[in-house]
Amino acid sequence: MATASPTVRPKRVSMADALRDMREDAGTYRGFWSWIATVDHKRIGVLYGVTAFLFFLLGGVEALLIRVQLAKPDASVLDPDQFNRVFTMHGTTMVFLVVMPLSASFFNLLVPLMIGARDVAFPRLNAFSYWLFLFGGLLLNLSWFTGGNFFKGEFGAPDGGWFGYAPLTLNRFSPDNGIDYWAFSLQILGIASLAGGFNFAVTILNMRAPGMTLFRMPVFVWMTLVTSFLLIFAIPVISIALFELTFDRLFDANFFNAAKGGTPLLWQHMFWLFGHPEVYILILPAMGIVSEVLPTFARKPLFGYPFVVFSGIAIGFMSWGVWAHHMYTTGLGSVANSAFGISTILIAVPTGVKIFNWMATLYGGSIDFKTPVYFAIGFIAMFTVGGLTGVTHSIVPTDYQQQDTYYIVAHFHQVLFGGAIFGLFAGVYYWFPKFTNRLLNEPLGKLHFWLMLIGFNVTFQPMMILGLLGMPRRIQTYPSDYGWGFWNAMATAGAFTIAASILVFIINVIWSLRKGEVAGEDPWDARTLEWSIPSPPPPYNFAEIPQVHALDDFWHRKYAEDPSGRPVPVPAGAAVHAEAHADEHGGGHGIHLPSPSYFPLIAALGPPIIALGFIYNVGIVPVGALITIVGLYGWALEPATE
Amino acid sequence: MAVHELSAGHAETNTGLDNRKLLMWLFLASDCLFFGSLISAYLLYRDRSLVGPYPSDLYDIPFTSVSSFVLLMSSLSMVLALAAIQRGDVRTMRIWLLTTSLLGVLFLSGQAFEFTEFYREGLTLHTNMFGTTFFVLTGFHGAHVSVGVLILMSLVAASLKGNVQQEDSIKVELAGLYWHFVDIVWIVIFTLVYLVS
Amino acid sequence: MARQRLLRLLRALPLLLLIAVTFSGCRFFDSPQNVFAPAGEVSRDQKNLFFQTMWPALAILILVEGGLLFICLRFAKRKGDSTLPRQVHGNNALEIGWTIAPMLLLAAFVPPTVVGIIDLGRVPKDAMVVKVTGVQWAWQFSYPGQNGAPDVLAPINELHVPIGTAMNMRLHSNDVIHSFWVPKLAGKTDVIPGRENHMWLRATEIGEFSGQCAEFCGLGHAQMRFRVIVESQADFQAWLQQQAAIQDGHEADLAYRGSE
């Protein structure tokens, strides 16, 4: 056992001893440095969640700035240069620094627990993913300050849109280094996500508890698996696209240079080949969360489990065949437009299957209306609208009118906010008690929900109208006689309502951490394995790895079914809890836990420095490379045991 | 608290595959998309250079065939290295790993020579579509080979310290998987970029 | 119960707005770029096609949202009642049903979609050619000269079109990607450097219509608007001859004009 408090240490003999002492300290789970060196998936999950939430607030401020500028016609709250940078950062932040890392947070917190494992397959790779995400996000936001005097409104942030179309993003048309910050940051974030994809795929395929076949896994774990494979195949494509853009900008290559025979359309193809699977990467985890929340609060199992799983897999496969529906207006020709039109029309089918199965889960249930299920039902309601507007986009000739208008903005916010964000909040309210042993306050939770639902609809439904009234996207202002002012003003009011709802959430979290009702192991009487261990879970998760006999194994330990299908509680003595509450640090028993390590952080420091080197002074590049190599070698050569 | 590394190799896995081996396969799968994108860009822009020099002006197929053969042979020596460590023969493994590295470096030298020749004939990243797509594609491949050589030399160094024994053969196997992949990618590049015109 | 009524109202909101949009006579539902007030053949066909999809989509929306609402009200846990419901796991017939039925409905959208794509992609044989060039941040239009005569340039951001005549728009860009869009006349098509795109439109009403660049193109994107003047054949020919006569000086207009 490591000593609980720092004592006077004997004089250092070697570097190896010093490192070992640092790691022992970190292994006590106490203090700031234990967070720096952690490789525990639960701590990494918390790091991801908190960091992503902070970026959510930043992206939200960026959204409010946009809405204030557009609330009235001919406004000049933000000039075109500032506006272009703000909307670029809003989109980039929300996609890459908020929704993806929030999903990663849930993967980290839940997947090992749901499959009965002690950690992920590669704990240090896991930590590396987090640190790369943090440093990539910081690098991107550093660019705000590189344009001159930030406080005078001179920003250096990228201004090419979150989708960075060439040739606008080439040197000739974007001479400042904002786009370089954007490209390098996305590369770094891409590596983080790719590593996460590898990690969770291996974890899910290889580390399930005995008896947990693939079809006894919770749906959330299935969605994580599909998402991981989407990441594994999609990230390399955007990575190459970003390399090509960077080479065009820094080294005068011709990938998107029409003057030398290149075509800007190559960027679009590559971006959307990544981009469409990416939107399913954004939504599938939230769908997984909804699939866990609904059965718990309806008090009956998920309806059609195999079909919900297969539809998720189908969505994963089909997502590769629809990318050019983002390019209908680029003149690809009738054959291409027809092919992608048909594939896009059809991808609605598996999503419909999920929605019907969720409704059937609730049907015949005894729905306990707590905050998590409010958000889950809100997800279904909002996502249905988003999905149906998606069908209207897939009708190619009408998309020629809708493309690049606020009708599209309404659609994707409907599915990404009304869908993903609502789903993620359902998860927060559902699993907060598991990791903090406190329930979030119910009245505040419901207030959050209603304010957010109302605010969301008041913001984005007017945008459907604006799009059909001919308002294009990404315009800094509009004339007063176009009939757009009223709806824009309404949208802005809605945006501030959303902001208020987030404030309510923050207050709820702060209050509940101190004064919230103590949750205990299983406050919701739920179905999956994470509810069978203490709240918060001990470092080793399970004192004994459970033996799994069925889907929703934990539920079946609590309830048997009578002949008519009604559940009957199993007599108290017969219930076998997999948990003996072992002493604080997971007492011996030969439980092997991964050692903490500083090397993932060190290795993650290198790439941003390399990026800054390429942007400012090539001499810095070897420094960054050296740090990366030192980090990687330290990682590889670290002693496996103490 | 007794902390021990979660040894991925020793635990039972659901698929029966070691975690690290599954990781390597997934990594190679993603690398297929990586090279696939670069090769697609090359093929898309194949006949779209507005000015020369053009591939037919520059390619020295016999020369490139020799260096391709060198890389192919390095896969053979890699297999022999793995076979050696699997039967516990560390010294022989080391010899074959060094051979593989040497052949890899020889291949890279051939690439470097070829690139400087092309450069002297007027082909740069900037000249035309051929220059852009050729150098980036083969450059990334060369970078992969270089990383491979580093990995192999690291294994050699580790084995000199006694850290690569028969039970660690998976480390050599993983390096081998990576090396063979990089070799196969070269076969594809050589065929599509050099031979098919 | 008040809560559930509020829920019902809020779920209906997108629905109500969508219905309201279709009756776009009211002040809040009109605009110079209103997609639902077509003044051209293509935009009229697009509007009709949109409604062909919108009504079924609306019906499904009502079914799903209504169903959700019904379920929430009917199956809410009763106070003090803690009996657990029957643990139903699934129903294969239902699954097949609600997979096939949407597939059939969606398949019904395919023929009009493909027909529309082909129709919009096929420029009518008798179409008059107009060359469109987008630059940062203005639009130039020119009419190819007849029988070896030089091209006729129009004033910047001003496109004239004779009523009832199909126009073959040949779309170019001199710098970045822009998008040519006159909502009341037709959908949009991007202008991409290094490539010529084309689309056609045919105006069915005399008047002045508003167009706007619909692809983000930098600082002046919001200002990149243009006018389309649809006039009688006679008025158009007169205007064209007038432009030919005052040909020079227009090239200079192509330089950056900043915000208007």
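Which helix of chain C lies across S4 and S10 of chain C, and at about what angle to S4(C) does that helix run? The answer is given in point 3, after the sheet itself has been described.

1. This is a predicted model, and a careful reading may begin with how its chains meet. Two pairs of chains touch, and of these the pair with the most contacts is A and C. Chains B and C, by contrast, are joined by no contact, and their closest C-alpha atoms lie 12 Å apart.

2. In chain C, three strands make up an open sheet, and their order across the sheet is S4-S10-S9, with mixed pairing. Strand S4 (158-162) and strand S9 (207-212) of chain C are the edge strands, and because each has a single partner strand, one side of each is left without a neighbour in the sheet. On average, neighbouring strands here are turned by 25° against each other when direction is ignored.

3. The mixed character of the sheet can be followed strand by strand. S9(C) and strand S10 (residues 225-231) of chain C run antiparallel and are joined by six bridges; in this pairing C:Glu208 has C:Ile229 as its bridge partner in S10(C), while the partner of C:Gly211 in S10(C) is C:Phe226. S4(C) and S10(C), on the other hand, pair in the parallel sense over five bridges, and here C:Leu159 is matched with C:Val228 of S10(C). The helix asked about at the start is helix H4 (residues 233-245) of chain C, which lies across S4 and S10 of that chain and runs at about 135° to S4(C).

4. Chain C is divided into two parts, namely domain 1 (2-27 + 35-76 + 92-121) and domain 2 (128-248). Where these domains are in contact, nine residues come from domain 1 of chain C and twelve residues from domain 2 of chain C. The domain 1 side of this contact in chain C consists, by class, of five nonpolar, three polar and one charged residues.

5. Turning to the contact between chains A and C, 84 residues of chain A are in contact with 76 residues of chain C. Several helices of chain A each supply at least two residues of the side that touches chain C, among them helix H4 (80-114), helix H12 (371-394) and helix H15 (442-468). By class, this side of chain A has 48 nonpolar, 28 polar and eight charged residues.

6. The largest nonpolar core has 312 residues, and those with the most contacts inside it are A:Ala241, A:Val290, A:Leu294, A:Phe379 and A:Ala426. Helix H8 (residues 265-298) of chain A gives the largest share of this core, 21 residues. Domain 1 (2-27 + 35-76 + 92-121) and domain 2 (128-248) of chain C both give residues to the core as well, so it lies between them. To take one residue as an example, A:Ala426 touches A:Ile289, A:Val290, A:Val293, A:Pro372, A:Phe375, A:Ala376 and A:Phe379, if residues up to four places away in sequence are not counted.

7. Chain B contains six helices and zero strands, so that its pattern, read along the sequence, is α-α-α-α-α-α. Its C-alpha trace spans about 65 × 35 × 30 Å along the principal axes, and 36% of the 197 residues of chain B count as buried. Among the contacts in chain B with a separation of 6 or more, 80% are accounted for by residues 24 or more positions apart.

How values were computed:
Residues are numbered from 1 along each chain as its sequence is written. Chains are lettered from A and ligands numbered from 1 in the order in which they are written. This is a predicted model: local features need pLDDT of at least 70, side-chain atom pairs count only at pLDDT 80 or more; totals for chains, interfaces and linings use all residues. Two residues are in contact if their C-beta atoms, placed from the backbone, lie within 7 Å. A nonpolar core is a set of buried Ala, Val, Leu, Ile, Met, Phe, Trp, Tyr and Cys residues joined through C-beta atoms within 7 Å. A residue is buried if 20 or more other C-beta atoms lie within 10 Å of its own, exposed if 12 or fewer, and partly exposed in between; C-beta atoms are placed from the backbone. Helices (H or I, at least four residues) and strands (E, at least two) are DSSP runs, numbered from the N terminus. Domain bounds come from an automatic or database domain assignment. Two strands pair if DSSP finds at least two bridges between them. Axes are lines fitted to C-alpha atoms, for helices over the stretch in contact, and angles run from 0 to 180 degrees between N-to-C directions. Ala, Val, Leu, Ile, Met, Phe, Trp, Tyr, Cys and Pro count as nonpolar, Asp, Glu, Lys and Arg as charged, and the others, Gly among them, as polar.
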